[in-house]
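Trainee: Please take a close look at one part of this model for me: the helix packing and the pockets and cavities that go with it. A connected account would suit me better than a list.

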Amino acid sequence: MPRQIGYIIGNEACERFSFYGMRNILVPFLISSVLLGYLPQGADRDAAAKDIFHTFVIGVYFFPLLGGWLADRFFGKYHTILWFSLIYCAGHACLAAFENNATGFYTGLFLIALGSGGIKPLVVSFCGDQFDQTNKSKAKVVFDAFYWIINFGSFFASLLAPLFLRHYGPAVAFGIPGILMFIATFVFWLGRKEYVNVPPARRDPNAFFEVVKTALRARQAGAGRPGLAVAMVGMVSAVVMLLLWLLSATVSMPWWPTDFGFVITACLSLGVIIALGGWGASLQLERARGLHPDAAVDGVRAVLRILIVFALVTPFWSLFDQKASTWIIQGREMVIPHASAWWPSWLIQDAAQMQALNPLLVMLLIPFNNLVLYPALRRMGFEPTALRRMGWGIAISGTSWIIAGGLQLWLDGGQEVSLAWQSVPYLLLTFGEVLVSATALEFAYSQAPQAMKGVIMALWYLTSTFGSLWVLLTNAGVRNDAVTAYIASTGMSENAFLMFFFAAFAFAAALAFGLYARRYPMQDNYRVA
């Protein structure tokens, strides 16, 4: 086992405490904060807090594109991680210092999104760089340990941060995660002399985008360029959407939905570019063969296949990230069973603390799956491949939202519902998370060609950006009078209807994922010793 792994794991434990410590109290803080003082108490504040939270999450998982690109092309993973970590620390300082100042607080959220997002694709791939073909068998153990330690930090953050907020106020509650982020940066710096540093691929003429550009531009006798046409439709569509948003925002023209702000519009534009650009490249990719090495062309083909897998995972994140928004808001309507002897009232005093169940269950389920469940499935003749685990994980996560919707119906009926009931959907969502997210860390690294590992990991994290995009689109949709009238006709509350809607979304994604996974060709792209 490479000795430097300890520094990376220690850094990740502290960094995850800092991130989840602030993230898991963001919605409760905003609902009661003067930052939303322009809204009355009630549902409008809940919706506004959710929109801010998911906009922040979109930023966190968008900026991995920037971090991956800078590391792969210019600075290498180590230096990029270190510099973005310092930006991350500055963001935490802003949250602690500007609890009553909207400009300062939102600047802090932006800096945390930039810093956290910038390092997010790099720490995992940097960890993978410490292995080669001689010890790659240990990489799976480390990736599982990596995911376990993420949840170790997240557990204590989820348990303690709401108490800090309740008893000591926002300055302390946001300041403690900042201290942990500084410690994380220091621990990472301590291992600087031990790391294997894979140099950045500078000006690679056979890089992913170079091969794609060649394929799209290449002409073929007797044939048109359908791929280029598809890609250009994507680019033009993205520009048109941004222009329509700009015109609607500046001259009040009704050419673009009023609830589709810049973040939603920019994400939709990015999605169109990725989808149609990738489709167009796949149509003409073979034209690049001969102009680029076969390995480079095959590598691009592998990345395009991976992007389809990633796209089908985005509905999972729309469910998972709402545990820190929708589920907290639901939990605030429930009754904390302090009168019950089995309830730890001395510790669990806030609905937001239920999020601690997620990392706690992850730490239990990862060893259970590896030591008990997966061996048992193999003995029964069923191999739990990475893609099978991910597909089942999406479906199980959908089941958790069926139960959450049932609890919401119970609440809407005027019943007192114990907060303890939320442990059931948390258990199922966490089981789904272990099957999807923990597996995807290994899958994404092993499938990516060596020169594109940082970028492909960034694209993996971009799936969470689109997961939160689906949430923002849904929140915008329910502000439409026709949609609101339809929900009312079902006899369900808006919250309950949306919970069942997201469950159905996950089931549809799981089915599509399973169909695609049946014909996905697995790769082995660990570096040679």
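Mentor: In this predicted model, helices α8 and α9 pack with their axes 7 Å apart and at an angle of about 175 degrees. Since angles over 145 degrees count as roughly antiparallel, α8 and α9 are therefore roughly antiparallel to each other. Their contact has 18 nonpolar and eight polar residues, and no charged ones.

α8 spans residues 226-251 and α9 spans 262-284, and both supply at least two residues to the lining of the largest pocket. The other elements that do so are α3 (64-97), α7 (208-217), α10 and α15 (453-477). This pocket holds about 790 Å³ of space. Its lining has 27 residues, and those closest to the centre are Phe 208, Phe 209, Val 212, Ile 273 and Ile 274. By class, the lining divides into 21 nonpolar, two polar and four charged residues.

Ile 274 turns up again in the second largest pocket, where Ile 274, Ala 275, Leu 307, Ile 308 and Ala 311 lie nearest the centre. That pocket has a volume of about 630 Å³ and is lined by 26 residues. Two or more residues of its lining come from each of α9, α10 and α15. The classes here are 18 nonpolar, five polar and three charged.

α10 covers residues 294-320, and its axis comes within 9 Å of the axis of α13, residues 386-412, with a crossing at roughly 30 degrees. That makes α10 roughly parallel to α13, and the crossing is left-handed. On the α10 side, the residues in this contact are Val 309, Leu 312, Val 313, Phe 316 and Leu 319. On the α13 side they are Leu 387, Met 390, Ile 394, Ser 397, Gly 398 and Trp 401. Taken by class, the residues of this contact are nine nonpolar and two polar, with no charged residue. Charged residues are likewise absent from the contact of α8 with α9.

Now the enclosed spaces. Three cavities of 30 Å³ or more are found in a search of the whole structure. The largest cavity contains about 330 Å³ of space. Arg 16, Tyr 20, Lys 120, Ile 150 and Tyr 461 are the closest to its centre, out of 24 lining residues. α10 and α15 each give at least two residues to this lining, as do α1 (5-32), α4 (102-129), α5 (137-168) and α14 (423-447). α4 gives the most, with five residues. The lining of the largest cavity has 12 nonpolar, five polar and seven charged residues.

The second largest cavity has about 70 Å³ of space. Asp 144, Asn 370, Tyr 374, Arg 389 and Ala 438 lie nearest its centre, among 11 lining residues. Here the elements that supply two or more residues are α5, α12 (357-379) and α14. The lining divides into four nonpolar, three polar and four charged residues.

To draw the threads together: α10 contributes at least two residues to the lining of the largest pocket, two or more to that of the second largest pocket, and at least two to that of the largest cavity. α15 is also listed for the largest pocket, for the second largest pocket and for the largest cavity. α5 and α14 both appear in the lining of the largest cavity and in that of the second largest cavity.

Notes:
Residues numbered from 1 in each chain as written. Predicted model: local features only at pLDDT ≥ 70, side-chain atom pairs only at ≥ 80, totals over all residues. Heavy atoms only, no water. Axes fitted to C-alpha atoms, helices over the stretch in contact; angles between N-to-C directions. Helix = DSSP H or I, 4+ residues; strand = E, 2+ residues; numbered from the N terminus. Parallel < 35°, antiparallel > 145°, perpendicular 65-115°, else oblique. Left-handed = near helix turned anticlockwise from the far one by under 90°. Contact = heavy atoms within 4.5 Å. Nonpolar A, V, L, I, M, F, W, Y, C, P; charged D, E, K, R; others polar. 1 Å grid on protein atoms, 1.4 Å probe; cavity = no way out; pocket = protein on both sides within 12 Å on 5 of 7 lines; lining within 4 Å. Points joined across faces, edges and corners; volume = space filled by probe spheres on them.
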